[in-house]
Amino acid sequence: YPNVMIMSPSAYQGLASSSIILDRLTYSENNTVTTDALAKLFDLERVVVGKAVYSEGEGGFNNVWWSDSNFLAILAYAPQSPAGMEEPSFGYTYTLRGNPAVESPYYDNPTKSWVYGVTYDRVAVVTAKDAAVVVKFVTA
């Protein structure tokens, strides 16, 4: 069974303004739509909103996640503290031993800043594709 929901900012905004969700939270202790309230409502351990952005140069920032009206989310099983390699999980982030590796700092005159170089070798891997499903929320 899924224990985590990961969603785009637009999916979170869609759920936070949904009359169905707001009606369900009206009778709870705190009728504010938060990720904790959604986790409790959906019987999940965690609800996470993907807030990462990227830049294409001078054009400003864009959401990494879907930004259209599809309101997509991922329901997945991902244990907080895996018991071992045999425990299934939608994915893991593997980090090479000794990382992050911090280099000696140096002063960069053109930027008038100290630069602290860092090498951080890690990779996110989908390890059990059957441990997740993509959900599309439909607005009424």
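A residue is called partly exposed here when its relative accessible area falls between the limit for buried, under 20%, and the limit for exposed, over 50%. By that rule Y107, with a relative accessible area of 39%, is partly exposed. The model in which this value was computed is a predicted one, and the paragraphs below move from a buried strand to a pocket, then to the backbone and the aromatic rings.

A convenient place to begin is strand β5, residues 72-76, which is largely enclosed by the rest of the structure because four of its five residues are buried. Strand β5 pairs with β1 in the antiparallel sense over four bridges, and in this pairing I6 has I74 of β5 as its bridge partner. Strand β5 also pairs with β12, residues 132-136, again in the antiparallel sense but over five bridges, and there I74 stands opposite V134. I74 can therefore be followed to a partner in each of the two strands, to I6 on the one hand and to V134 in β12 on the other.

In the segment before β1, which spans 4-7, the reader will find N3. N3 has a relative accessibility of 6%, and because this is under 20% the residue counts as buried. Leaving out residues up to four places away in sequence, N3 touches L44, E45 and R46 as well as A76, Y77, A78 and P79. Another residue with contacts beyond its sequence neighbours is V64, in the loop between β4 (61-63) and β5. V64 is in contact with A52, V53 and Y54 once its neighbours within four places are set aside, and although V64 and A52 are twelve residues apart in sequence, their C-alpha atoms are 5.7 Å apart in space.

The largest pocket holds about 420 Å³ of space. Its lining consists of 19 residues, and those nearest the centre are I6, A78, F90, G91 and T93. Two or more lining residues come from each of the elements β1, β2 (46-49), β6 (91-95) and β11 (122-126). By type, the lining divides into 14 nonpolar residues, four polar ones and one charged residue. I6, which pairs with I74, thus belongs to this lining, as does A78, one of the residues that N3 touches.

Some backbone features deserve a careful look, since most residues other than glycine have a negative phi, and most peptide bonds are trans. D43, in the loop between α3 (35-41) and β2, has a positive phi of about 60° without being a glycine, and D43 is exposed because its relative accessible area of 68% is over 50%. K112, in the loop between β8 (106-108) and β9 (113-115), likewise is not a glycine and has a positive phi of about 55°; at 65% relative accessibility K112 counts as exposed. The peptide bond from N99 to P100 is cis, with omega near 0°, and P100 is found in the loop between β6 and β7 (101-102).

The structure holds two aromatic pairs. One is formed by Y92 and Y94, whose rings are 6.2 Å apart, centre to centre, with 45° between the planes, a tilted arrangement; Y94 counts as partly exposed at 44% relative accessibility. In the pair of Y107 and W114 the ring centres are 5.6 Å apart and the planes lie at 70°, so this pair is edge-to-face. Y107 is the partly exposed residue of the opening paragraph, whereas W114, at 54% relative accessibility, counts as exposed.

Technical notes:
Residues are numbered from 1 along each chain as its sequence is written. This is a predicted model: local features need pLDDT of at least 70, side-chain atom pairs count only at pLDDT 80 or more; totals for chains, interfaces and linings use all residues. Side-chain values use heavy atoms; hydrogens and water are left out. Buried means under 20% relative accessible area, exposed over 50%, partly exposed in between (1.4 Å probe, protein chains only). Contact means heavy atoms within 4.5 Å. Two strands pair if DSSP finds at least two bridges between them. On a 1 Å grid over the protein atoms alone, a cavity is a set of points where a 1.4 Å probe fits but cannot get out, and a pocket is an open set with protein on both sides within 12 Å along at least five of seven lines; lining residues have an atom within 4 Å of a point. Grid points are joined across faces, edges and corners, and a volume is the space filled by probe spheres set on the points. Ala, Val, Leu, Ile, Met, Phe, Trp, Tyr, Cys and Pro count as nonpolar, Asp, Glu, Lys and Arg as charged, and the others, Gly among them, as polar. Rings of Phe, Tyr and Trp (its six-membered ring) pair if their centres lie within 6.5 Å; planes under 30 degrees apart count as stacked, over 60 as edge-to-face and the rest as tilted.
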